[in-house]
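User: I am beginning to read protein structures and should like to understand the terms used for them. Please explain how each term is justified.

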Amino acid sequence: MITPVPGRFGRIVARAITLWACVGGVSLLLLVLLTGIGVFFRYVLNTPINGLRDISQLLLLICVSGAIPHAARRGAHVAVDLLTLTRHPGARRTVSILIGASSVALLGVVLVALARQGSCGFRCGHFTPDLVIPFWPMYLALGIGFFLYVLQIIARWSADEPGSDADPQGLR
Amino acid sequence: MTDLQIGVAGFVALFVLLFLRMPVALAMMLVGFVGTLVINPAAALPVLAGEAFNTSTLYSMSMLPMFVLMGNMAGAAGLSRDLYDAAHAWMGRFRGGLASATVVGAAGFSAMSGSSLASAVTMGRVALPEMKRFRYDDGLSTGVIAAGGTLGILIPPSAGFIVYSILTEESIGRLFMAGVLPGLLLTALFVVAVMIQTYLKPEMAPSSDVRVPTAEKFATLRRGLWIIGIILVTIGGIYLGVFSAIEAAGIGTLLTCAVAALRRSLTIGQVTKAVGNTLQATGTTFLILIGAFVLTPFITLSGIPDALLSLIADSGAGPYTVLLLILLTLILLGTFLEGFAILVLTLPFVQPMVMQAGFDMVWFGVLMVIVLEMGLISPPVGVNVFVVKGIAPDVPMRTIFRGIIPFWLAMFVVLIVLVVFPALATILPDSMFGATL
């Protein structure tokens, strides 16, 4: 279930995530269609399509990239709900800020790592085996997903009232 | 600090982060990244980017969103309702028949959906109002839905098996086939659990005197043939070697959409909702997998698995003692950790131990998925229980957990049966692919 994040920034982030999820959803439908077409060509026409796997991988990546922030917006990323640390709102907020900050920092490092790896290009052998599609647009697409995830955490964070029960991590 | 000490410190940090409610995937990623940075700094960034990218482009994982979409589409198009109606028509007259029909309907729906949540939500929405109408006990009706939903990760196509196959590099075809007989056995035991409860306490399920005419029974069965046909094509296709599991996922989803379109039972809104729910499941699962793949190199570098193996060898524990300890630990973890989290967190340690003990990893995969199923309905964080609570907000959690106990015990029985008779899981994959050495 989506918990709306109040404020202009929250609305902008929500729209961006929805838009990217739409792209991911279309990719998923195309992936299904392409798999069906592949089966038809392979078994019925007896002419396998070259490079189908490359395109499928590309579509899967876009689907995943759209799905990660979408799941974050719906609070679906799995967390352990064992301990209610304290009923003290201040302590709860401190822990939430700590975890939220760690999450943002980690995802920032992921973005840097993706940018570095993605920019290596052909000299690192970063292209698909059949159609020789360079990987950097895929790294970029994945980076967009993680970037939107960061924005979702920040949006949830900035909207959180001190001591409220809202989860600044934006993930539950 | 030795690498082993760093590894242990990493695990303490991981559990601290988990208990502070950091999402499991991010906690694994953080510990994996920092741990690798400490042991082998040059590898940390490439591992982080490489695993995120490789997991997101893992061709074999493309079946996961497709199978989940297939189940969501079937649910949205009302195909699951047909299954339930057919089971209801044939079994509803008997005492506890509606609850048994729910189990059978959930098992049928599980054969279309890899997700236990989708199964619980879909069958819950269909079956719960009926059971309420016939004044079934709240514990029985909610318990049977929560437990029936768990069949979604045992009966193929199963998200649990897909993730397990990725992590252990076992054949997904073998795993799917290995889940069939235990899935059917568990379905039968769930029905037996309903029968025993209603025999001992008849007031739990007042008898419905509504007799369904034979013609109507066959009519419901005919309507259910669509879904049975799709299941036969996809799972049968894998078994006969006509399709790979990925192709079966694509074809199954296309067939489901085609059937829904033919019956004019799918609107744009429903498609959007089904795709949205599929993306949610996809995002959750892939992020956890990315976290697991970032954590695994750190675990290997730290040498914890080797240390554990030496510890077991030194202790002189036999293979079945090791297995028992592993299963008990997993069951315990299932009481507070989510199923996929258990799978990805424990497999890097458990796999070498199981392999060293000489057990079949496909068979162990079935055991592990059943333990995950138990976790899905174990207090205090059984995910399926919360799903059922969402559908039946007026039923207290205590009542739902009480209703689950007989089904949890049924799972435990299947676990024991599988340990005693491993062939129950291996006979189908062996007949299809040949026996493993």
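User: What makes the side chains of B:Asp430 and B:Arg174 a salt bridge?

Analyst: This is a predicted model, and every statement here rests on its computed atoms. The cut-off for a salt bridge is a side-chain nitrogen of Lys or Arg within 4 Å of a carboxyl oxygen of Asp or Glu. B:Asp430 and B:Arg174 meet at 3.1 Å, N to O, and therefore satisfy the rule.

User: Why is this pair said to tie together parts of chain B?

Analyst: B:Asp430 belongs to helix H20 (residues 423-433) of chain B and B:Arg174 to helix H10 (residues 172-200) of chain B, so the pair ties together parts that are 256 residues apart in sequence.

User: Is each partner buried, partly exposed or exposed, B:Asp430 and B:Arg174?

Analyst: Buried means under 20% relative accessible area, and partly exposed lies between that and 50%. B:Arg174 has 9% and is therefore buried. B:Asp430 has 23%, so it is called partly exposed.

User: What makes B:Arg263 and B:Asp82 a salt bridge, and which parts does the pair tie together?

Analyst: Their side chains come to 2.6 Å, N to O, and the limit is 4 Å. B:Arg263 lies in the loop between H12 and H13 of chain B, and B:Asp82 in helix H5 (residues 79-91) of chain B, so parts 181 residues apart in sequence are tied together. B:Asp82 is buried because its relative accessible area is 8%, whereas B:Arg263, at 28%, is partly exposed.

User: Why does the pair B:Glu216 and B:Arg223 count as a salt bridge?

Analyst: The closest N and O atoms of B:Glu216 and B:Arg223 are 3.8 Å apart, and the rule accepts a distance within 4 Å. Both residues are called partly exposed: B:Glu216 has 35% relative accessibility, and B:Arg223 has a relative accessible area of 37%. In addition, salt bridges that share partners join B:Lys132, B:Asp138 and B:Asp394 into one network. Over all chains, the structure holds six salt bridges.

User: How many salt bridges are counted between chain B and chain A, and how do you know that B:Glu247 and A:Arg42 form one?

Analyst: The count between the two chains is one. The closest N and O atoms of B:Glu247 and A:Arg42 are 2.6 Å apart, and the cut-off is 4 Å. Chain B and chain A also have eight residue pairs in polar contact, both residues being at pLDDT 80 or more.

User: How do you know that chain B and chain A are in contact?

Analyst: Contact requires heavy atoms within 4.5 Å. By that rule, 54 residues of chain B are in contact with 56 residues of chain A. Together the chains bury about 4,900 Å², of which 79% is on carbon and sulfur atoms. In chain B, the residues that lose the most area to chain A are B:Arg21, B:Phe53 and B:Leu279, together 15% of what that side buries.

User: Why is the pair of A:Tyr139 and B:Phe53 called stacked?

Analyst: Ring centres must lie within 6.5 Å to pair, and planes under 30 degrees apart count as stacked. The rings of A:Tyr139 and B:Phe53 are 4.1 Å apart, centre to centre, with 10° between the planes. A:Tyr139 lies in helix H4 (residues 136-159) of chain A and B:Phe53 in helix H3 of chain B, so the pair joins two chains. Both residues are buried: A:Tyr139 has 6% relative accessibility, and B:Phe53 has a relative accessible area of 2%.

User: What makes the pair B:Phe11 and B:Phe349 edge-to-face?

Analyst: For that name, the planes must be over 60 degrees apart. B:Phe11 and B:Phe349 have 70° between their planes and 4.9 Å between their centres. The pair links distant parts of the chain, with B:Phe11 in helix H1 and B:Phe349 in helix H16 (residues 339-356) of chain B, 338 residues apart. B:Phe11 and B:Phe349 are both buried.

User: Why is B:Thr36 called buried?

Analyst: Its relative accessible area is 1%, and buried means under 20%. B:Thr36 is in helix H2 of chain B. Beyond residues up to four places away in sequence, B:Thr36 touches B:Pro41, B:Ala43, B:Ala44, B:Phe298 and B:Leu301.

Notes
Residues are numbered from 1 along each chain as its sequence is written. Chains are lettered from A and ligands numbered from 1 in the order in which they are written. Side-chain values use heavy atoms; hydrogens and water are left out. Buried area is the accessible area (1.4 Å probe) that two parts lose on being put together, summed over both. A polar contact is a pair of N or O atoms within 3.5 Å; within protein, one must be able to donate a hydrogen and the other to accept it, and residues adjacent in sequence count only if both atoms are side-chain atoms. Rings of Phe, Tyr and Trp (its six-membered ring) pair if their centres lie within 6.5 Å; planes under 30 degrees apart count as stacked, over 60 as edge-to-face and the rest as tilted. Helices (H or I, at least four residues) and strands (E, at least two) are DSSP runs, numbered from the N terminus. Buried means under 20% relative accessible area, exposed over 50%, partly exposed in between (1.4 Å probe, protein chains only).
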